[in-house]
Amino acid sequence: MQKQIGIGLHGIQLQRVLADNADAHEEHSYTQSYSEEDLIEMKNVVSETSILKNALEDEKKDFNATIKAKIDPLSKKLKETLTKIKHKSHHVTEKCYKVVDTGGLMVGWYNESGILVDQRPLQAGEYVGQVIPFQLNGTND
């Protein structure tokens, strides 16, 4: 088959030659190449679109960095607070009063509010026998 029919004919004349030589006139799908002008225009569109897209992605990156800078401290505070809620207590160091209970063989520490904050069994070196107070009755015996 020939690459092109009706070279040099245009418009109605070309359509008449095609209709006279065709067996049927019907719808048919095929791939049509773009012209050089169309390709140049599309390349310009790609170039402009890429520039705009990159500018927006840079804005997005800056925006995300700004938001992340605001979110990170909140996330840290939330995590710390949830940990405190989970443990229901926190560790403190403060002056406490150590009380040895030789009767119960226990040692306890009381905070400044008088609340027992820690206790443990009495250790061997801490047990001091019961001291019996003596009274002076005024005699030399």
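## Exercises on a predicted model

Tyr-97, Val-99, Tyr-110 and Leu-116 make a nonpolar surface patch of about 360 Å². Keep in mind that this is a predicted model. Let's work through it together!

**Exercise 1.** Find the strand that holds Leu-116, and decide whether Leu-116 is buried, partly exposed or exposed.

*Solution.*
- Step 1: Look up the position of Leu-116, which belongs to strand S3 (residues 116-121).
- Step 2: Take the relative accessible area of Leu-116, which is 38%.
- Step 3: Buried means under 20% and exposed means over 50%, so Leu-116, at 38%, is partly exposed.
- Step 4: A patch residue needs over 30% relative accessible area, and Leu-116 has 38%.

**Exercise 2.** Show that Glu-57 and Lys-53 form a salt bridge, and describe where they sit in helix H2.

*Solution.*
- Step 1: Opposite charges on side chains can pair when the charged atoms come close.
- Step 2: From N to O, the distance between the side chains of Glu-57 and Lys-53 is 3.0 Å.
- Step 3: The cut-off is 4 Å, so this pair counts as a salt bridge.
- Step 4: Glu-57 and Lys-53 are four residues apart in helix H2 (residues 36-87), so about one helical turn separates them.
- Step 5: Glu-57 is partly exposed, at 38% relative accessible area.

**Exercise 3.** Which residue forms a salt bridge with Asp-72, and how many salt bridges are there in the count?

*Solution.*
- Step 1: The partner of Asp-72 is Lys-68, with 2.8 Å between their closest N and O atoms.
- Step 2: Both residues lie in helix H2, four residues apart, about one turn of the helix.
- Step 3: Asp-72 has a relative accessible area of 36% and is partly exposed.
- Step 4: The count comes to two salt bridges.

Key:
Residues are numbered from 1 along each chain as its sequence is written. This is a predicted model: local features need pLDDT of at least 70, side-chain atom pairs count only at pLDDT 80 or more; totals for chains, interfaces and linings use all residues. Side-chain values use heavy atoms; hydrogens and water are left out. Helices (H or I, at least four residues) and strands (E, at least two) are DSSP runs, numbered from the N terminus. Buried means under 20% relative accessible area, exposed over 50%, partly exposed in between (1.4 Å probe, protein chains only). Patches are made of residues with over 30% relative accessible area and no salt bridge: like charges are joined within 9 Å, nonpolar side chains (Val, Leu, Ile, Met, Phe, Trp, Tyr) within 5 Å. Accessible areas come from the Shrake-Rupley method with a 1.4 Å probe; for residues, only the protein chains shown count as cover.
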